[in-house]
Amino acid sequence: MGITLTAVALTVLVLVLDAARLAREATHAERPAAVTLLDRRGVALTTLGDGWSRPLALQDVSPHMLDAIVAIEDRRFFSHAGIDPLGLARAFVRNISAGRIAEGGSTITQQLAKLVFLTPERSFVRKLREATLALWLDATLEKQEILAAYLDRVYLGGGVTGVRAAARKHFGVEARSLDVAQSALLAGLVRAPSRLDPGRHPDAARERMAVVLRAMVATGSIDQPTADAALASPPRILAAYYVDPALRTLVERSRRLVPGSALAVATTLDAELGQRARAVLAEELAKEPRRASAAALLAISADGEVLAAASVPGTLGSLDRIADARRQPGSAFKPILFAAAIERGHRPDETISTTAPLVDGWRPRNIVEPPAAEVTLRQALALSINTAAVRLGLEVGLPAVIGTGRRLGIASDLPAVPSLMLGSAELRMEELAAAYAALSGDGVVRTPVWIKAIADDTGTRREPSRPAAVRALSVETARTMRDMLNDAMRDGTGKAALFPGGFGKTGTSSGFRDAWFVGGNDDGVITAVWAGNDDHTPMPGETGGGLPARIFRRFMTGAS
């Protein structure tokens, strides 16, 4: 008997100590802090993350929501001690009568205890720990604290956790502003948040809302006319929207700069330009269903601020094609080669042979037959003559080409092989756009800037320092390159992108796997467009002068 009593006492002690340790986890949910991105005019772009650095307080929640969750989940919440024997007995009887699990018997306090355990383990020990924790929570916390912690942690569909995030996600309102119908719908999601997700299953969600409204009438928190009015005017559910991977990357950058807090981030982005970019990408891709399945666009201002960043889902909807993806730019790399030549004394109107050189057993080929045995450098760039470009590169030397690329901000690997001169190296869109901004502007490289300022949830505002601008080319070289890129659009492969004041260069990788257009306008805005397939499937016949050039022109001119 003594050994048994000792064992029981030790077990109780361990359970109590375990409950005390877990209690803090129950009231301090650890989740990624919410980050709201604002455009350059203060327009909200998106909010990602459903956590707040401060725990939820009940005054931040509509009384209707509190009434709804108690009515449907735990009517005796304010009278039991964490575990409700009457509720368990009632659930047992109903389940026996129905011949299935028709009703659960867990209290809100027990559900909060379950939410603390991150694994779905089903065992007697875990159930015992949950029950002990529920009793501990009820004994050590006020009912209001338990209810607030529960509403801060419960999953409410649509990929969001907690009533604050759910109110914004489903209705676009703050939790304190939830009306009767909205509260009833959210409270109904607890039972099966995926099956009742209002974004995907609105009819099922509203049927469950009716059940919650009846429960609220039964508990006296609302009267029947109020319930009838809510049923007659169900809440409008916000349509699910596609969050561009570039915005997700921007959120993560912001969190690294200011960790552990909910943030409001003032970006350099322009909401209207972003919407235009996404619309143009989607519409133009829809015309090419058998070739490209993915596309991306990046626009930066003359002073290096990112104005628009957009991509379409493709087969890898979560891939940030602007910051993370590296693809071959093809002939869109040639301006870097030609800039290296101009810096070393070559002139746009000097001639060069179009005969294909043989380099270490490799011989370049042209997509289109050159117009003559010799062409000017201006023509070679405009018409994208590969054989002439390689000959020029051999005269300049690979080290000089690579060095110019590095000065222009290309950080990706640039292998010292002859095919580099035709764009065989895999580059990021961001670094290619920044290089064009320098070689067609004033010759100064400006690292693209995305963030103007960050405010945390205490109101403290921080302005990240901007990287210093670095001169990469002489002003004369940059002006010459701008002039040559004008010709490339007007008389060369970029004719489909032509508009007054525009300039740019096409790019097509080997095997037609990547198609590019990179260029700008008189205001100094540089835009890079890429189209292709996420699995590198070829696009027979698709070049940078086709789909990317059309996207570029529509975006830059605002043409419908």
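**Helix H18 and two helix crossings**

Let me start with helix H18, residues 475-490: its 16 residues should span 22 Å at 1.5 Å a residue (that is, 1.5 Å times one less than the number of residues), and because its end C-alpha atoms are 23 Å apart, the two values agree. This is a predicted model, in which local features need pLDDT of at least 70 and side-chain atom pairs count only at pLDDT 80 or more, while totals for chains, interfaces and linings use all residues. Residues are numbered from 1 along each chain as its sequence is written, and side-chain values use heavy atoms, with hydrogens and water left out.

Helices here are DSSP runs of H or I with at least four residues, strands are E runs of at least two, and both are numbered from the N terminus. The buried residues of H18 (under 20% relative accessible area, 1.4 Å probe, protein chains only) include Thr477, Met481, Met484 and Leu485, and the partners against which the buried residues pack include helix H13 (334-343), helix H17 (429-439) and strand E14 (503-508).

Turning to H13, its axis and that of H18, as lines fitted to C-alpha atoms over the stretch in contact, with angles from 0 to 180 degrees between N-to-C directions, come within 10 Å and cross at roughly 135 degrees. The two helices are therefore oblique to each other, a class that holds angles outside the ranges under 35, 65 to 115 and over 145 degrees. The contact, meaning heavy atoms within 4.5 Å, involves Phe338 and Ile342 of H13, among others, and Met481 and Met484 of H18, among others.

Elsewhere, the axes of helix H7 (residues 163-171) and helix H8 (residues 180-189) come within 11 Å and cross at roughly 115 degrees.

Key: Buried means under 20% relative accessible area, exposed over 50%, partly exposed in between (1.4 Å probe, protein chains only).
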